[in-house]
Amino acid sequence: MPDASTPDLAALREAAAAAQKALEEAERAAAPAAPETGGPETSGQETREPETGEPEEAAPASSEVPDAPAGAPDGYAAEVAAGYAAEATLPLGALLEGEPGGEATPNPRVQVGFALSMLNRHGLVAGATGTGKTKTLQGMAEGLSLAGVPVFLADVKGDLSGLALPGPDNPKVAERAASIGQDWRPTQYPVEFYSLGGIGKGVPIRTTVTDFGPLLMSKVLGLNETQESSLTLIFHWADTKGLALLDLKDLQSVIAYLTSDEGKGELKGIGGVSAATAGVILREIVGLEGQGADVFFGEPAFATSDLIATRGDLGVLSVLELPAVQDRPQLFSTFLMWLLADLFQDLPEVGDAEKPKLVFFFDEAHLLFADASKDFLQQVVQTVRLIRSKGVGVFFVTQSPKDVPSDVLAQLGNRVQHALRAFTPDDATALRAAARTFPKSPYDLERLLQSLGTGEAVVTVLTEKGAPSPVAWTRVRAPQASMEPAGDAVIDQVVAASPGQARYGTPVDAESAFELLQAKAQEQAAGRAAAEGSATAAADERELAKERARLEKEAATREKAEARHKEQAARDRNRVVTSLAKTAGTVLVRELTRSLFGTRKR
């Protein structure tokens, strides 16, 4: 452990002007004042004031770097103190000095923390299960609230609800806090509790299907690239037709219409949607509804600007309670990504500010990237890269740095690495990779990262100049709010008093695509019925005309037959009369002949 003369040796290793500046910054960080002329001996060397009144250019101390921080070169504590000094900081903890896996002593004079102005460069909090990630996250959130910065936290396991209650007095916590120079006192913070669509405790957060967008919806539904492309086409058509997609039944009705006989021609000119693809999407939507996700989509839609709030001098801590949906990680992780993307769309450009407007924590971040498509990853990278200029900081909290894609990891300037385990060859490879991502330091990081205790971390951040700070083995501050979950009664009380409950508590089913398409279908059905009625009437008229013509023809035929019958009867009568006349003449002639010639009558 370095003695009180350590800052002098650090000054000796630097140029005169740089050394003086480093000492001044160290003093601002509560480091001991540098001794004047005739300071005590350090490592067998003396320091003296030269006759000119300026520090003497002396031979530098040994540059040999031992394998562990216990043997770090003298003066490294001052280097750390200078590296973490800033005008406005978010305190994290104090430097630890000692042997990894053995006794380690905190140096309360060397405080480690973040420059508030650099929190919009984003960060990573990583470490194996049980190493203290969640308490580090809670402590950071508390410090940000005290600095007047609003915070959004995803509480996957229900561990962060204790922020609404002051921490209980605990001698062990007080002793630990005192050892790292923390002025610990029980503190209650302003908290808002939110829930996804009202599932679980909290003010319901909802969004519309249109605002959610086809890319995030495709990730939630687990669609492949072809199906994602078709869904994007469906969203585009709905937008051009002015059909609002507010909830899942709106999306289902649009898909059903575009694959029906009436609507399948709508997309023919731009590719169309096959019945097979539409069937897959519809089945996945039904599955999503089966998980209860239908309550996440609808109105009133949540305004993400409500997250940027303060109460007095304290930033509001917005806690999204997710225990009720923790068995659906893909859904809530994508929903969190929507919140971040929506903030990016709404917030104005602010550039570099003294402190961020909002800090966003993604707990269990590996769930966000699991089975993510290439397009989704590109959107995450773009959002993280560009949202910095909106004054928003993003911290990913996960078990290992390898859980975060390299393109995203490259955007994270602040690192808090808790202990890593190396139980398998893959773990060992990941450990070596994590160690190599830190700046050069006197630590044997592979050894140190495996021996860190609970609540300890290896830290490097961006200084106010944008350069990486020295790597610091750090004992993290204890949260001042309760580290135990708050009870349901406390959460219910906070929710009932929230202005958000009055605004978002009751769902609204406004007129949207489902109702409009249903009305259109009814109009088309009425039109078809009217057309069918007209066609029936015309057919009936034609049948009547045919029947009249038939009857008239039959009547004419009967008249002709009757005329022929009468004519035939007349002819028959004439023949009878003629025949009778002939017969009578014949009889008369015969009788006359008999009488003349005397022929006997036979």
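**Close-ups of a predicted model**

**View 1. The hairpin of strands 1 and 2.** Nine bridges tie strand 1 to strand 2, and the two run antiparallel. This comes from a predicted model, so take the views below as views of a prediction. One pair to look for is Ala94 with its bridge partner in strand 2, Gln111. Five residues sit between the two strands of this hairpin, and in that turn Gly101 has a positive phi of about 80°. Strand 2 is mostly covered, with nine of its twelve residues buried.

**View 2. The whole sheet, strand by strand.** Zoom out a little and you get an open sheet of twelve strands with mixed pairing, ordered 2-1-14-13-12-3-11-10-4-9-5-6. Which strands stand at the edges? They are strand 2 (104–115) and strand 6 (203–205); each has a single partner strand, so one side of each lacks a neighbour in the sheet. On average, neighbouring strands here are turned by 30° against each other, direction ignored. As a reminder, strands of a sheet pair through backbone hydrogen bonds, either parallel or antiparallel.

**View 3. Helix 4 on the sheet.** Helix 4 covers residues 133–146 and packs on the sheet. Among the strands touched by helix 4 are strand 1 (89–98), strand 3 (123–126), strand 4 (151–155) and strand 9 (317–321). Strand 10 (358–362), strand 11 (392–398) and strand 12 (414–417) are also touched by helix 4, as are strand 2 and strand 14. The direction of helix 4 makes about 135° with that of strand 1.

**View 4. Strand 3 between two parallel partners.** Strand 3 runs parallel to strand 11, joined by four bridges, and pairs with strand 12 in the parallel sense, also over four bridges. On the strand 11 side, Ala126 stands opposite Thr398. On the strand 12 side, the bridge partner of Gly123 is Asn414. Are the residues of strand 3 that point either way buried or exposed? Gly123 and Val125 point one way, Leu124 and Ala126 point the other, and all are buried.

**View 5. Strands 13 and 14.** Strand 13 (residues 456–460) and strand 14 (residues 472–476) run antiparallel and are joined by four bridges. If you want a pair to find your bearings, Glu456 stands opposite Arg475 in strand 14.

**View 6. Ser318 in strand 9.** Ser318 is found in strand 9. With a relative accessible area of just 1%, Ser318 falls under the 20% cut-off and therefore counts as buried. What does Ser318 touch, not counting residues up to four places away in sequence? The list is Val151, Phe152, Leu153, Glu192, Tyr194 and Leu307.

**View 7. The start and end of helix 5.** Helix 5 takes in residues 171–179, and Asn170 caps the N-terminal end. A side-chain oxygen of Asn170 lies 2.9 Å from the backbone nitrogen of Lys172. Just after helix 5, look for Gly181, which takes a positive phi of about 80°.

**View 8. Helix 7 crossing helix 10.** The axes of helix 7 (residues 214–221) and helix 10 (residues 275–290) come within 10 Å and cross at roughly 75°, so these two helices are roughly perpendicular to each other. Which residues make the contact? Helix 7 brings Met217, Val220 and Leu221, while helix 10 brings Ile281, Glu284, Ile285 and Leu288. A general point helps in reading this view: an α-helix has 3.6 residues a turn, so residues three or four places apart point the same way.

**View 9. Ala275 in helix 10.** Ala275 also lies in helix 10. Its relative accessibility is 62%, over the 50% cut-off, so Ala275 counts as exposed. Ile255 is 20 residues away along the chain, and the C-alpha atoms of Ala275 and Ile255 are separated by 9.6 Å.

**View 10. The whole chain, and where to be careful.** The chain has 19 helices and 14 strands, and of its 602 residues 46% count as buried. Among contacts between residues at least 6 apart in sequence, 78% join residues at least 24 apart. The average pLDDT is 81, and 81% of the residues score at least 70. Over residues 29–73, though, the pLDDT is below 50; this stretch has 62 contacts in the model beyond near neighbours in sequence. Residues 1–20 also stay under 50, and the model has 37 contacts for them beyond four places in sequence.

Definitions and conventions
Residues numbered from 1 in each chain as written. Heavy atoms only, no water. pLDDT = per-residue confidence, 0-100. Contact = heavy atoms within 4.5 Å. Polar contact = N/O pair within 3.5 Å; in protein donor to acceptor, adjacent residues only side chain to side chain. Pairing = 2+ DSSP bridges. Axes fitted to C-alpha atoms, helices over the stretch in contact; angles between N-to-C directions. Buried < 20%, exposed > 50% of the residue type's maximum accessible area, 1.4 Å probe, protein only. Parallel < 35°, antiparallel > 145°, perpendicular 65-115°, else oblique.
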